[in-house]
Amino acid sequence: YRPDEHPADEVVAPSEQVGAHERRRRHDHVDQLGDVLTLRQVLEPGAAQLAAERPLDDEARVNLTTRLAEVPTGGSHEAHRLADARLHLAIAEVPGSASLIAAVADVQMSLGDLLATIPVLETNIDHSHRQHRQIVAAILDNDPGTARDRMRAHVDATAALLRGFLE
């Protein structure tokens, strides 16, 4: 550092640089948040409804119940998030639309990025598991309205959590 090359009014303290970086990063997350949550709000309840409207063969039933059982209640946040995303993808697979699967995969990837920026709270994980069980039960029971409504509640709960931390 040479004072003659950097006038005093251009020098920024390291703590100010970190603060500016965090504000920029937070702003980027808020911008991404609205977009991802809007798409998810439309997409995933519809996927759950369509999944419940379809007659399920044994393979689809086993896939859903296996994916549900694989979502760990403990362990690392990364393992939980991956298993959670796989469950959501299993639901999207039931209607048989490659475009739907791709869209849910994109939403889940973006959602995972956002969730990685906030603290993991066991209360929220437990609530999410209860909701997952309700969603899968409605799909297995071929109850489209309940599947849609339960997924909507799940999506809304995650949105409220993220907004609470990121906005």
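## Salt bridges and one unusual phi

Aspartate 156 and arginine 152 sit four residues apart in helix α6 (residues 144-166), so about one helical turn separates them. Helices (H or I, at least four residues) and strands (E, at least two) are DSSP runs, numbered from the N terminus. The model is predicted, so local features need pLDDT of at least 70 and side-chain atom pairs count only at pLDDT 80 or more, while totals for chains, interfaces and linings use all residues. Residues are numbered from 1 along each chain as its sequence is written, and side-chain values use heavy atoms, with hydrogens and water left out.

**Exercise 1.** Work out how aspartate 156 and arginine 152 interact, and how accessible they are.

*Solution.*
- Step 1: recall that side chains of opposite charge can pair when their charged atoms come close.
- Step 2: apply the cut-off. A salt bridge is a side-chain nitrogen of Lys or Arg within 4 Å of a carboxyl oxygen of Asp or Glu.
- Step 3: check the pair. The closest N and O atoms of aspartate 156 and arginine 152 are 3.3 Å apart, and the two form a salt bridge.
- Step 4: look at accessibility. Buried means under 20% relative accessible area, exposed over 50%, and partly exposed in between (1.4 Å probe, protein chains only). Aspartate 156, at 33%, is partly exposed, and so is arginine 152, at 36%.

**Exercise 2.** Now try glutamate 44 and arginine 40: describe their contact and say whether each is buried or exposed.

*Solution.*
- Step 1: find the contact. Their side chains meet in a salt bridge of 3.0 Å, N to O.
- Step 2: place the pair. Both belong to helix α1 (residues 14-53), and because they are four residues apart, about one helical turn lies between them.
- Step 3: read the areas. Glutamate 44 has 2% and is buried; arginine 40 has 1% and is buried.

**Exercise 3.** Repeat the analysis for aspartate 84 and arginine 81.

*Solution.*
- Step 1: the closest N and O atoms lie 3.1 Å apart, in a salt bridge.
- Step 2: the spacing is three residues within helix α3 (residues 77-93), again about one helical turn.
- Step 3: aspartate 84 is buried at 5%, and arginine 81 counts as buried at 12%.
- Step 4: for context, a search of the whole structure finds six salt bridges.

**Exercise 4.** Describe the backbone and surroundings of asparagine 142.

*Solution.*
- Step 1: most residues other than glycine have a negative phi.
- Step 2: phi of asparagine 142 is near 55°, a positive value.
- Step 3: asparagine 142 lies in the loop between α5 (122-140) and α6.
- Step 4: with 32% relative accessible area, asparagine 142 is partly exposed.
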